[in-house]
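Student: Could you take me through the largest nonpolar core of this model, with the cut-offs behind each term?

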Amino acid sequence: QDKDTKMTEFWLISAPGEKTCQQTWEKLHAATTKNNNLSTNSKFNIPDLKVGTLDVLVGLSDELAKLDAFVESVVKKVAQYMADVLEDSKDKVQENLLANGGKVLTIIYLSFEIKKSFKNYSSSLDAVPFLFIFKGVNQIDNDLKARASAYNNLKGNLQNLERKNAGSLLTRSLADIVKKEDFVLDSEYLVTLLVIVPKLNYNDWVKQYETLAEMVVPRSSNVLFEDQDSYLCNVTLFRKAVDDFKHKAREYKFMVRDFQYNEEEMKADKEEMNRLSTDKKKQFGPLVRWLKVNFSEAFIAWIHVKALRVFVESVLRYGLPVNFQAMLLQPNKKTMKKLREVLYDLYKHLDSSAAAIIDATVDIPGLNLSQQEYYPYVYYKIDCNLLEFK
C-alpha cells in the first residue's frame, strides 16, 4: 500500500452552534472547500444526551479516553491479523475490512447508525453503556487471541513440515524422493547407502565409488534426484564395509546421508502433512469471515466511542445548553497544514489561551501537549490506516 497516495485519516471536530448549528456547518464547509478544496466534509450526527453534573462529565472524559485507546488497539489487531491470514493476498486486505458492509471510509454513514443505536439506550449520558462497549470489544479481543493461537499453531506445524521437504539435499526430507526399488532391503549382508555428490565431483564419483572400500557392489550406483548443486546417488555394499566407505567418501567430498528406508514412517509424514494442509484450508474461510464480522463490530464500537468523546468534550468546552455541530473532515494530504490554519482562523476566538498554545513556546501548567494535540475546537483524529505492512 502506497501511503503517499491514500489519505486514510479523518478529523472529527466540533464547534459551537452560531445562531443555528446549520450555520456553523455552512461556515466550516465554505471555508474548507471554497477555491481550495482542503477537505471532504460531512455532518456527523450525535444525538442529544442528557447531561449529568460536571464531575460526572470529567470522569466520563477520562474513562472514554481509556476506552478509545483500548477499542482502537483491538480494531488494529483484527485488521493486522487479517493481513497475516491473507498472506500473499495482502492487497485484498482493504476490501475485506468493511464496517457495516461499507468501506471503512464510510464513517459518515455510521454517524446515522450511532443516532439510531443510542435510541436503544436511555438517553442519559450516565446510562450510555461503556461497559456494554467494553465487554463486546473485550470479547472480540479474547476470541481473537484464541483463534489466532490455534491457527498459528497449525500454520507453524505445517511450515515446519514444509521446511523439512525443502532445502538442500544434505538436510531435507528424502521421503518424497526415494522409492522402494532404490534399495536392497531385508538382506543380512548388503545395505544401500544414500550419498550426496556435488555436481562438480560427479565424474570422480563414477570413477571412484566402487573402490572407496572393499565389497562395494559394482555398478550399483544410480542418480535418484538432483538439486541445483548436487546429485543424490545410491550405492550398495556389504554392511561391514560401511564405516570404511563413509570415511573414504568424506575425503572426496561425498556425504553419506543417515537414512533408513521405512515405509510406515514416510507414509505417516505424508499423511500428517496432508492433514495439516486440509485443516488449514478448512479453517481459513471461517476465520476470514469471523475477522470480517468482528472487524466491523469493533470498528463501529470505536466510532461510537469517538462520538461520545466529542459530545462530552463539547459540553465541557462550550457549556450548556448543549449546542454544537460535530463534523467529519477527510483532509487532502497535500493541504493538511493549510487546513489547520483555516480551522484556527475560524475558531481561535473560542479560546483565549489558544494563541499561546499554538506557539507552544509558553508552558501552560496542566496541559500535557506531548499526549494530545490541542486546538481551540474539539478535535479527535480517526486514523484508518490500520495496517502496518511489514
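Tutor: What follows is a close look at that core, with its surroundings in the chain.

This is a predicted model, in which local features need pLDDT of at least 70, side-chain atom pairs count only at pLDDT 80 or more, and totals for chains, interfaces and linings use all residues. Residues are numbered from 1 along each chain as its sequence is written, and side-chain values use heavy atoms, with hydrogens and water left out.

The chain has 390 residues, of which 44% count as buried (under 20% relative accessible area with a 1.4 Å probe, protein chains only), and its secondary structure comes to ten helices and ten strands (DSSP runs of H or I with at least four residues, and of E with at least two, numbered from the N terminus). The largest nonpolar core (buried Ala, Val, Leu, Ile, Met, Phe, Trp, Tyr and Cys residues joined through side-chain atoms within 4.5 Å) has 53 residues, and V71 and L291 have the most contacts inside it. At least two residues of this core come from each of β1 (9-16), α2 (54-85), α5 (130-164), α8 (263-318), β9 (324-331) and β10 (378-383), and α8 gives the most, with 17 residues.

Around V71, once its neighbours within four places in sequence are left aside, the residues in contact (heavy atoms within 4.5 Å) are I133, V137, A298, A301, W302 and V305. A second core, separate from this one, has 19 residues, among them L193, V195, L237 and V242. In soluble globular proteins, nonpolar side chains tend to be buried together.

Key:
Buried means under 20% relative accessible area, exposed over 50%, partly exposed in between (1.4 Å probe, protein chains only).
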